[in-house]
Amino acid sequence: MRDALEEWHFGKVFHAYRTHPYHPRPIPQGAVADWLGLTQAQLSRIENGAAPQDLSKLMSWAHILAVPADLLWFKLPGSDHRYTAPVSNQSSESERRKAEPSCRTRASAPPPITTDGHPLPEAIHLDRSDDLSMPRGDGFASTGHEAMSPLHRRTLLGGIAATALPVPGPEGIRRFVAVPENSRHCFEGSAFDYFRIQLESAKRDDGSLGPGRTLPVVLGLLRSIEQHARDVGSSDRRELLSVGADGAEFAGWLYRDIHQPARAGFWYDRAMEWAQEADNAAMQGYVLLKKSQMAYDDRDALRVLGLARAARHERWRLPQRVRAEVTQQEALGLAMTGESPDAVKRKLDESRSLLITVSDDDPNPLGAYFTEDTLMLRNAVAYTEVGKPGMAVRLFGETIASGALSPRDTGFFNARRAVAMALCGEPDEAAELGRVSAEVAHTMKSERTLCVLADALRTLGRWSGRPAVRDFREALRAS
């Protein structure tokens, strides 16, 4: 392994790891590829091709295989020195904790967890309790070999989750690496305030920066929250996990935006788990709402309606603003399952009645984004589903024209508006909206928007020869 690392070629590191005599027999490429979120063919090209140069991937792979940092050849962005794990006996407590994963030895480790007879890397089985079987697809597709199971949840905190990201720039990587160290330092003061402030800052940045720059920061915060939660008393742990649940829900949303539903589902499950441990009933109901909204991405009408109704239960003690959003989501589920326009409208009116009773200075942050503008945009989606695209076009247009939306959200709802306009039989207008939205989606790395635009292009199929539609098609294909 040392010889492979000294060649500065991670493909050779993978090959050396797979064929190391420590393993009972060589590990198939497909099994290792599953750990890395790659296909067997991709791993084969990495092993046999030129040395990979993408720093974010190198960092992630090193973490997944638990390679000691002092053996790595690459440097952290912004540093003039190679990163080495602290090993001094006089190290501080925080330094000792950072060094532990790379200093762990095989001799002192418990017998390895195996899959298909092969041991998993230590970074994947950090803890034998509380495992998660990751669903296939979305970067975990079968490659002809048995898929890795179980896959411990913490792998996603420090390894595989990072491989799913749009590749961030050096600043994003630096912030991802720096967050845990900085937050541990702040933990000696007011950790809860620190985490909340950092999380709120990430939420504010999301609409203008996009998930590619926001996700690394959020994942770093969540990793640090989990680390700190092991070191505090029960009451502080509940408060910390309540913040973590909020952050995990946000991570789920970010993965939805880059169209990674398996990872989004993982983080929604983690948010629910942490909310349950923290006895945060409102967050549990809120996560059910978010799962209902994700079901809409998959066009699963019954799940949209069922989860929305589950979120309405009194046990969750939802704040009024979230109750309004849940009621509107139920209206969307009714529209998708074939209820009449009148029935859908009654439910939408009920949602608005709940929202207008919320005070402008309501201190509850949960669902604070759900305003009159959000209500109109979501109503437009429901009207599209129930067969009233003309009304949807008007509502979309009025809200987008107000200029209150972030660049990413403007692009997304223009995509929804393009679908409604195409259904109204206005191909040129729909195509122009789609073209503009596609430019925003590519800039913001919003795969969710691109999926809606693909629906719009399919709806415009009978007008495929029109110049505006051709221009839209080319804009959508642009990288």
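**A pocket and the salt bridges of a predicted model**

The second largest pocket holds about 1500 Å³ of space. The model is predicted: local features need pLDDT of at least 70, side-chain atom pairs count only at pLDDT 80 or more, and totals for chains, interfaces and linings use all residues. Residues are numbered from 1 along each chain as its sequence is written, and side-chain values use heavy atoms, with hydrogens and water left out.

A pocket is defined on a 1 Å grid over the protein atoms alone, as an open set of points where a 1.4 Å probe fits, with protein on both sides within 12 Å along at least five of seven lines. Grid points are joined across faces, edges and corners, and the volume is the space filled by probe spheres set on the points. The second largest pocket is lined by 50 residues (those with an atom within 4 Å of a point). Tyr286, Lys290, Gly367, Tyr369 and Arg378 lie nearest its centre. Helices H10 (191-209), H12, H14 (281-297), H16 (320-336), H18 (372-385) and H20 each give two or more residues to this lining. Helices here are DSSP runs (H or I, at least four residues), numbered from the N terminus. The lining has 22 nonpolar, 11 polar and 17 charged residues. Asp, Glu, Lys and Arg count as charged.

Side chains of opposite charge can pair when their charged atoms come close. A salt bridge is a side-chain nitrogen of Lys or Arg within 4 Å of a carboxyl oxygen of Asp or Glu. The model has 29 salt bridges by this rule.

One of them joins Glu47 to Arg18, at 2.7 Å from N to O. Glu47 lies in helix H4 (residues 40-48) and Arg18 in helix H2 (residues 10-18), so this pair ties together parts that are 29 residues apart in sequence. Both Glu47 and Arg18 are buried (under 20% relative accessible area, 1.4 Å probe, protein chains only).

Asp257 and Arg408 also form a salt bridge, at 2.9 Å from N to O. Asp257 belongs to helix H12 (residues 234-257) and Arg408 to helix H20 (residues 407-423), so the parts tied together are 151 residues apart in sequence. Asp257 and Arg408 are both buried.

Arg477 and Glu474 form a salt bridge within helix H23 (residues 467-477). Their closest N and O atoms are 3.5 Å apart. The two residues are three apart, about one turn of the helix. Arg477 is exposed (over 50%), at 59% relative accessibility. Glu474 is partly exposed (between the two cut-offs), at 48%. Elsewhere, salt bridges that share partners join Arg309, Arg312, Glu330, Lys347 and Glu350 into one network.
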